[in-house]
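Welcome, and thank you for opening the viewer. Let's take a short walk together, one selection at a time.

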Amino acid sequence: MTTSTSLLSKTFAVKGGTPAFPSMQRLGQHYFPDWARYETAFRDIFARQYYTNHGPLAQRLEARAASYLGVRHAMCITNEAIALCLAAQALSLQGKVLVPAIAGMQLAQSLQWAGCEPVYCDIDLHTGMMDAQAARARLAAGDIVAILAADLFGSLADHAGLQAVADEFGLPLYFDACAAFGSTSGGRSRAGDGRLQVFSMQSSHVLSAGEGAFIVTDDDQLAAHVRNIRSNYGMGQVIVPVVKTSNGRFSEAQAAVALASFDDLDAHIARNQQLRQDYVAALSGLAGIEVLAPAGVDRSNGQSLMLRVDAAKFGLSGRQLIALLQAENVQAEPQVNAGFYRHDSRFGTSALPVADAWHDSLVELPLGSKTDGATVATIAALLAAAHAQAAGLATVLGAGR
Amino acid sequence: MGIKTNVSDLGLAGGPRIFDQIKSVSNLVKPDVEKFLGYSRMFHDAEVYTGHGEVEKLMERRLAEFHGAAHCVSFCGGFWGLVMAMKCLALPGKTEVVMPSLTYRRLADIVAWAGLTPHFCEVDPELLCITGETARPCINENTALILGVHPIVNCCDIDGLEALSAETGIPLLIDAVESVYEAYKGRKIGSCANAECFSMQSSKLFNAFEGGYVTTNDGELAGRLRIMRDSGLGPDGLPAEQVGLGVVQNEMHAAMALACLDDVDEQMQANRARYRAYQRCLADIPGISLRQFDESQRCGYKNILAELDEDWPLTREATIAILNAENMLCRPYYFPSLHMKKTGYPMIWGDLSQTEELAKRFLLLPCGYFVSEQDIEKIAELLAFIQKNAAAIKEKGLV
């Protein structure tokens, strides 16, 4: 490929060269209805004059999400962080809750706002998600009241293994499934697993409301509790005592965008899978670079493209590669690393060896509405050049963050 | 002929309802759709839909300007804006928030989410709000914060509360959700106290679908609020000491807020015309009186609050039941007061008999975008009918 040949001897931006891209290539999906659809949907909302709080579009979205995921209840919530706070409150959690060491920061934060304390658990060496055996070991040590696991990277965590551990100790298990919408195992969604699951519809996810989330569960009583905390609209006849309400209302604006996104979902997933194939082909044979394969699924939503970097073989660490790409205007810092326990001075550093290794080696690459085959080719060529020039770059880059 | 000639014509007796469409006590203003689409075009072209795009940034600047405050920090809702402002302002190591009990039904929950304990004070019987005088007896060695709340009509005692705050060194936060447009002794609401909090849920003066914001003149506080709201990430992209949560406003909601801001003076005029109609129509009905706006100050006329006097012939609950049956979603004013509600967290209060008495007397009447002057004439006519026919209504066992 001509691009890659010309880039091999490129002067990287960290050494004073011109960035490969004139503007930042963003992580995340960022699909949005085109202007004509947006305008039509919003003129309808203005004509109806129903703006928020379990309106007709939100109800349609809830029904559609529940049907798509094969669950009894889907409840739209303002955003993922608030949905996680509501979830902890609806489950009446008090005490220490086990969370994976690598996950969105909102997991640990939601627990702190809900008056609980997050305890970090090590992850599976191959999938990067919560390890059932590590969870079991921590639960055996006592004083944990619940498990909050996460499905990451378009993959599904070891739901069966985690449920077995939760059952063994008689504790509730629930999921942040923010990155798993549309991913299936055994030909079906796993959204009914655990007591409840939280899905994100933030712009970076494959199903987008611009901003938003929903909680799903098969448990009628729990669903009533969530609705009652969210606001007192649409909660049906069951009134459940609530310790304290929150406001998780979801607007018709959010619902309109999500419904349009739903219409395009299959096309987005297909495009993600095509771009993944492009990346895999372009990066094949590059020493020290592994494109993370979706785990635990027969179909992934394909919304994330994750790399594991073997520093010894590639010549640069994952942290160094992120810094290098950032200077080329390529976002590459995985969002899940921001929630990593080592940033959190309240918890100090404990020995979570697999999580440590993943944190240092994990790199994410753009795979969204603005990414095309040419972008993939350029990024792959940058990686090849980085490998070729690794020795010289390592000294410039230092250890990386 | 009036709208009702006989008590059997009442909706409660199975008669036809006066209104086909629900008349609520919420503002529900509809901004200009073209203006909304114009602001939407900005973020649509920029392809940024949430996480502080240019529309949300413009909204923060415009709101700060509107309130005459140095800073505006936006949130996805007023609820979390209040929680985070409390968290930032509460004195470290202290636990209690001095606040009224005769107020917004979720306000104690908000205090609980901030990890603090409500300590309820009385309200002034004339102003219906917390004052420096009513707050003072609740101040003790555990007080972390004074939470002033503007009542639905007019403003709370900012001078008294600011003086108490200055004297005790306890920060003052104001829930200003109901007083977006108002001024207090010439000062714009939003520029007072340590900070003021607002909601932009669709029932409020600014209908942003959903949303909220905090205004302050304290740059350091604004910076802390931004970090806390942006998932607790500092400028370096790493988690800060203080626990945060991702509660940012999205671009669609920000576009809606801007469209409302553009039209706010026209909205105030329309609400003032509704208020004038109520003044005119309720003047001659015995036993019910309108809560008057203090027109020596700038006011927004957003809600209509009425008081049932001792000679009103029915209970408030019976009156509301009759109105509800005509498709008027009238509501009692802040009832039950917060200390009367069962919650799953601790609360502190002493003698609140004045609050309990006041909580029985007021009701909110239909207002806002869906209510015309003709509607108000019908509402007044019905109230007059109820007043005249109370005995027959009771006799028929309707209430």
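Begin by colouring chain A and chain B separately, and look at where they meet; three salt bridges are found across their interface. Keep in mind throughout that this is a predicted model.

**Stop 1: a salt bridge**

Select R249(A) and E210(B). Their side chains meet in a salt bridge, with 2.8 Å from N to O. Polar contacts also cross from chain A to chain B: 12 residue pairs, both partners at pLDDT 80 or more.

**Stop 2: the side of chain A that touches chain B**

Next, show the helices of chain A. At least two residues of the side touching chain B come from each of α2 (35-48), α4 (80-90), α5 (105-113), α8 (220-230) and α9 (252-263). Which helix gives the largest share? Pick out α2(A), which supplies seven residues. If you colour this side of chain A by residue type, you will find 20 nonpolar, 21 polar and 11 charged residues.

**Stop 3: the whole contact**

Now select everything that takes part: 52 residues from chain A and 58 residues from chain B. On the chain A side, highlight W35(A), F46(A) and W113(A), which supply 19% of the area that chain A buries against chain B, more than any other three residues. The area buried between the two chains is about 4700 Å², and carbon and sulfur atoms give 62% of it.

**Stop 4: a strand covered on both faces**

Move into chain B and select strand β16, residues 362-365. On one side sit F362(B) and L364(B), on the other L363(B) and L365(B), and all of these are buried. Now add the strands that pair with β16(B). Strand β12 (residues 304-308) of chain B pairs with β16(B) in the antiparallel sense over four bridges, and here E307(B) has F362(B) as its bridge partner. Strand β14 (residues 331-332) of chain B also runs antiparallel to β16(B), joined by two bridges; in this case R331(B) is partnered with L364(B).

**Stop 5: a serine in β2**

For the last stop, select S74(B), in strand β2 (residues 71-75) of chain B. Is S74(B) buried or exposed? S74(B) counts as buried, because its relative accessibility is 0%. Show its side chain together with that of E56(B), and you will see a polar contact at 2.5 Å. Then add the other residues that S74(B) touches beyond four places in sequence, among them M59(B), Y213(B), R229(B) and Q249(B).

Methods:
Residues numbered from 1 in each chain as written. Chains lettered and ligands numbered in written order. Predicted model: local features only at pLDDT ≥ 70, side-chain atom pairs only at ≥ 80, totals over all residues. Heavy atoms only, no water. Contact = heavy atoms within 4.5 Å. Buried area = accessible area lost by both parts, 1.4 Å probe. Salt bridge = Lys/Arg side-chain N within 4 Å of Asp/Glu carboxyl O. Polar contact = N/O pair within 3.5 Å; in protein donor to acceptor, adjacent residues only side chain to side chain. Nonpolar A, V, L, I, M, F, W, Y, C, P; charged D, E, K, R; others polar. Buried < 20%, exposed > 50% of the residue type's maximum accessible area, 1.4 Å probe, protein only. Pairing = 2+ DSSP bridges.
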